[in-house]
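Trainee: Could you walk me through reading a few features of this one?
Mentor: Sure, let's look at it together.

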Amino acid sequence: MMLSSSEAAERSTLGWILLGMKGIASPPALILTTAFFGFAGLCREAGISWEEAAFMTGMVWALPAKIILLGAITAGTSLPAAAFAVALSSLRMMPMVVALMPELRGAKTRTPTLLFLSHFVAITAWVFAMERMESVPRDKRAAYFGGFAVTLTAINTVLVAVVFNLMGQLPALATGALAFLTPVYFFTSLYGSARDITGRLALFCGMAALPPAHWLSPGYELLTAGIGGGFVAYLSARIIAARRSAA
Amino acid sequence: MADWTYSNVVPWWPYVFILLAGWLPTDIWRYLGVVSASRIDETSEAAKLARTIATALVAAVIAQLVFFPTGALADIPLPVRFGSLAAGFAAYQLSRRRILAGIIAAELVIGGWALVAILI
């Protein structure tokens with residue numbers, strides 16, 4: 001986003017909300033929308049109704065959590081076990097929100113507003129916000145983020161309902177190819193939004209840690225790989241920084 | 001419903017199941033993030049560590065989809081999935097970081113494999 005500072009200062013709150021809404025036409029949002037085509041297909045395969053699929057999209061919103069929930073429904077997992085698996089996968093929402101809040105909060109932003117907006121935090125909205133917040137005036141950031149994130153969730157909720165009903169039986173290959181949009185999108189957008197070497201190291205360490213974690217702690221591999229890989233990336237970046245400043 | 005699994009025998013039960021097994025265990029972390037963030041300085045080492053772990057967790061989800069997928073993705077062989085991600089990243093870098101270029105390159109690899117698989 002290239003905005004001159006005077007232009008940014010003049011824009012009203014409504015203007016920022018509308019600008020945020022326009023963000024749903026950005027590549028990350030459009031790509032996520034494509035991934036929801038794949039999700040609608042998965043819901044159909046799982047045998048839930050279109051109302052339940054749309055309800056899940058709006059209420060859970062994070063795509064990995066929904067895929068785990070859908071897997072639990074298909075497998076006939078008991079409610080406590082399903083909730084536990086989803087809680088493990090959604091644990092990453094907390095550090096994401098912690099990282100986002102200082103960017104989002106203005107002097108007058110109230111906590112209830114932030115609690116409401118936090119529901120719409122998932123990887124796409126998080127990456128979008130972390131990339132663009134710097135060019136938004138601090139007192140307009142909540143409006144800008146809300147305009148983008150709430151619209152994105154609403155549109156995809158409707159989309160899941162519509163696609164679910166339109167799609168007869170998408171061939172497995174097409175569903176697979178659509179589903180693979182998600183990892184490629186997450187990988188490239190996280191690489192692009194990494195502020196320094198720490199973010200890139202985290203991306204590679206988290207991925208590299210998954211196969212051993214899968215073998216060491218089946219069922220908890222995401223958590224093990226994420227926390228383990230995250231620590232390794234953080235410590236490596238510190239060592240690199242220390243060496244650079246010493247040289 | 002007796003064993004607390006998903007079923008649609010009772011019309012409202014699927015929604016309660018989705019709320020308790022999906023919404024609650026996801027939003028609780030978001031709310032905890034909001035509540036605890038006010039006590040954390042964005043530039044502090046703790047915030048940096050939180051950001052790094054968040055990124056690594058998403059990276060783990062990516063690796064999960066590439067290395068150990070379920071459903072329709074599992075029908076695509078591992079070398080094709082890995083090659084697709086690698087081609088996507090290469091195209092992304094070569095195109096001066098256009099995510100769309102990366103996506104198209106990755107999908108071309110899967111499409112190419114599908115074409116070969118159908119022909120053989």
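Trainee: How much area does chain B expose, and what share do carbon and sulfur atoms supply?
Mentor: Accessible area here comes from the Shrake-Rupley method with a 1.4 Å probe; for residues, only the protein chains shown count as cover. Chain B exposes about 6,000 Å², and 72% of that comes from carbon and sulfur atoms. Keep in mind that this is a predicted model: local features need pLDDT of at least 70, side-chain atom pairs count only at pLDDT 80 or more, and totals for chains, interfaces and linings use all residues. Residues are numbered from 1 along each chain as its sequence is written, chains are lettered from A and ligands numbered from 1 in the order in which they are written, and side-chain values use heavy atoms, with hydrogens and water left out.

Trainee: Which elements does chain B have?
Mentor: Helices (H or I, at least four residues) and strands (E, at least two) are DSSP runs, numbered from the N terminus. Chain B has four helices and zero strands. Its radius of gyration (over C-alpha atoms) is 21 Å, well over the 14 Å from the globule rule (2.2 Å times the number of residues to the power 0.38) for 120 residues, so chain B is more spread out than a compact globule.

Trainee: Is Ser90(A) buried or exposed?
Mentor: Buried means under 20% relative accessible area, exposed over 50%, partly exposed in between. Ser90(A), in helix H6 (residues 79-90) of chain A, is buried at 0%. Beyond neighbours within four places in sequence, its contacts (heavy atoms within 4.5 Å) are Ala65(A), Pro25(B), Thr26(B) and Trp29(B).

Conventions
Buried < 20%, exposed > 50% of the residue type's maximum accessible area, 1.4 Å probe, protein only.
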